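Work through the exercises below with the sequence and the coordinates open. Each task is followed by a stepwise solution.

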Amino acid sequence: MGMCCINCFDDEVLKERIEQEGVIENCDYCKAKHIACMDASELQSTFERFLDMYIKIIRGVHFSVNEDIMDYGQSLHKLIQEDWHVFSDEIEDNNQYAELMKDIFAGYCDYPESELDIKNQFFSRYDECMGQSTVQELWFEFCDSIKTKNRFLNNYFFYGEDMEGLLSKSSRVIKKDVSKSLFRARIGGKRGKNGNFRPYPISQMGAPSSEKTGNGRANPKGIAYLYLASSIDTAIAEVRPVKSAQISISNVSLQEDISIVDFSGEILSCSPFEIDDLRHEWERINLMEKIGEHFSMPIDPVLSDIEYVPTQFISEYIKSLGYDGFIFKSSLGSGLNYVLFDQKKTKIRRSKLYSVTDIQYEFEKR
Ligand SMILES: [Zn+2]
């Protein structure tokens, strides 16, 4: 039994609750003095939701007897922290986290198998320990459906939700006033009269013409979108230059607020204690990230055009719903990629010339 305090947590919902319902005491975990505290066991019903999403893993059931449990699971508080950032950094000793979790679940007796020993047992995310990820399965089913069954009018459902509902939950508005500059890269530049290379002029830094637009992960042949990146290094990586290539880079700012769908897989800003079905929400976020991964895969000339239909369909569907575009993590750089359907909401500024001084490859023998 112990008293935990508002400093023990980063989650705003928990902090507010402790502030409102707690008493002024000394904290047993982060050791703060004279602060709003609550008996840890009073948080049990609040934390029970995590036992629906994380499963206690058992040797011989979820992994074989001669494998290392550490490869399959970790402590419950680490999983919760990785996925939801509930705890603060005030508790420096890892053991104190474990102690806090043990005390929160001290009176819990509703676990289906034997008793729960939060401090010493290992847990895994539900989809990871149940073998084949349901997210992976859903994505494959969708790709198969759109490639081989219904191409243009595909009303596919994800977790009982149609695609419009799925996308709208990850949509948000990027305000023009708070958005940082975005970047647009094009390989090459213009050779001036004196023979020097100069960056492309602004007029040539927008989306390409329809005639010059080939198949992309986001766009079908002939339909041009504006591809931007959140940083210069991501913009350069995305055009995949060779060493010593010259690259023109423009700063791009927003002229209006834009509404986008976010495939970056970032945890939503809301607290896990405000979400009704945590496992469902987790899978939805993962599915969005999975779609984002497919947008970020480089185009492979060996693959047939049909391989790009699933992402092109999703992209076109987002456009039909009235969004201005979408974002996803780059697989080549460290930042985000932006796909905007219409460049009218952006202002492309004067470009500068960069040259690639080095490229690093990572590889493995197969
Ligand atoms: Zn504390």
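The exercises concern a predicted model and go from its sheet to its helices and then to its domains.

**Exercise 1. The sheet**

Task: Establish the strand order of the open sheet of 3 strands, and state which strands stand at its edges.

Solution:
1. Start with strand β1 (residues 3–5), which is joined to β3 by 3 bridges and runs antiparallel to β3. One pair to locate in the model is M3, which stands opposite D39 in β3.
2. Next take strand β2 (residues 23–25), which pairs with β3 over 3 bridges, again in the antiparallel sense. Here E25 has I35 of β3 as its bridge partner.
3. Combining the pairings gives the order β1-β3-β2 for this open sheet.
4. β1 and β2 each have a single partner strand, so they stand at the edges, and one side of each lacks a neighbour in the sheet.
5. As for twist, neighbouring strands of this sheet are turned by 60° against each other on average, direction ignored.

**Exercise 2. Cover on the sheet**

Task: Determine how many residues of strand β3 (residues 35–39) are buried, and find how α1 runs relative to β3.

Solution:
1. Count neighbours for each residue of β3, taking as buried any residue with 20 or more other C-beta atoms within 10 Å of its own. The count gives 4 of 5 residues buried, so by this cut-off β3 is mostly covered.
2. Then turn to α1, which lies across β1 and β3 and runs at about 95° to β3.

**Exercise 3. Two helices**

Task: Check the span of helix α10 (residues 278–296) against expectation, and state what the buried residues of α5 pack against.

Solution:
1. Helix α10 has 19 residues, and at 1.5 Å a residue the expected span is 27 Å. The end C-alpha atoms of α10 are 27 Å apart, so the model agrees with the expectation.
2. Buried residues of α10 include W282, R284, L287, I291 and F295.
3. In helix α5 (residues 94–104), the buried residues are Q96, Y97, E99, L100, M101, D103 and I104. The buried residues of α5 pack against β1, α2 (44–47) and α4.

**Exercise 4. The domain contact**

Task: Describe the contact between domain 1 and domain 2, giving the residues taken from each.

Solution:
1. Set the bounds: domain 1 covers 3–129 and domain 2 covers 163–355.
2. The C-alpha centres of the two domains lie 38 Å apart.
3. Domain 1 gives 14 residues to the contact and domain 2 gives 9 residues.
4. On the side of domain 1 that touches domain 2, at least two residues each come from α1 (12–21), α3 (50–53), α4 (76–84) and α6 (126–129).
5. By class, this side of domain 1 has 7 nonpolar, 1 polar and 6 charged residues.

Conventions: Residues are numbered from 1 along each chain as its sequence is written. This is a predicted model: local features need pLDDT of at least 70, side-chain atom pairs count only at pLDDT 80 or more; totals for chains, interfaces and linings use all residues. The expected span of a helix is 1.5 Å times one less than its number of residues. A residue is buried if 20 or more other C-beta atoms lie within 10 Å of its own, exposed if 12 or fewer, and partly exposed in between; C-beta atoms are placed from the backbone. Two strands pair if DSSP finds at least two bridges between them. Domain bounds come from an automatic or database domain assignment. Two residues are in contact if their C-beta atoms, placed from the backbone, lie within 7 Å. Ala, Val, Leu, Ile, Met, Phe, Trp, Tyr, Cys and Pro count as nonpolar, Asp, Glu, Lys and Arg as charged, and the others, Gly among them, as polar. Axes are lines fitted to C-alpha atoms, for helices over the stretch in contact, and angles run from 0 to 180 degrees between N-to-C directions.
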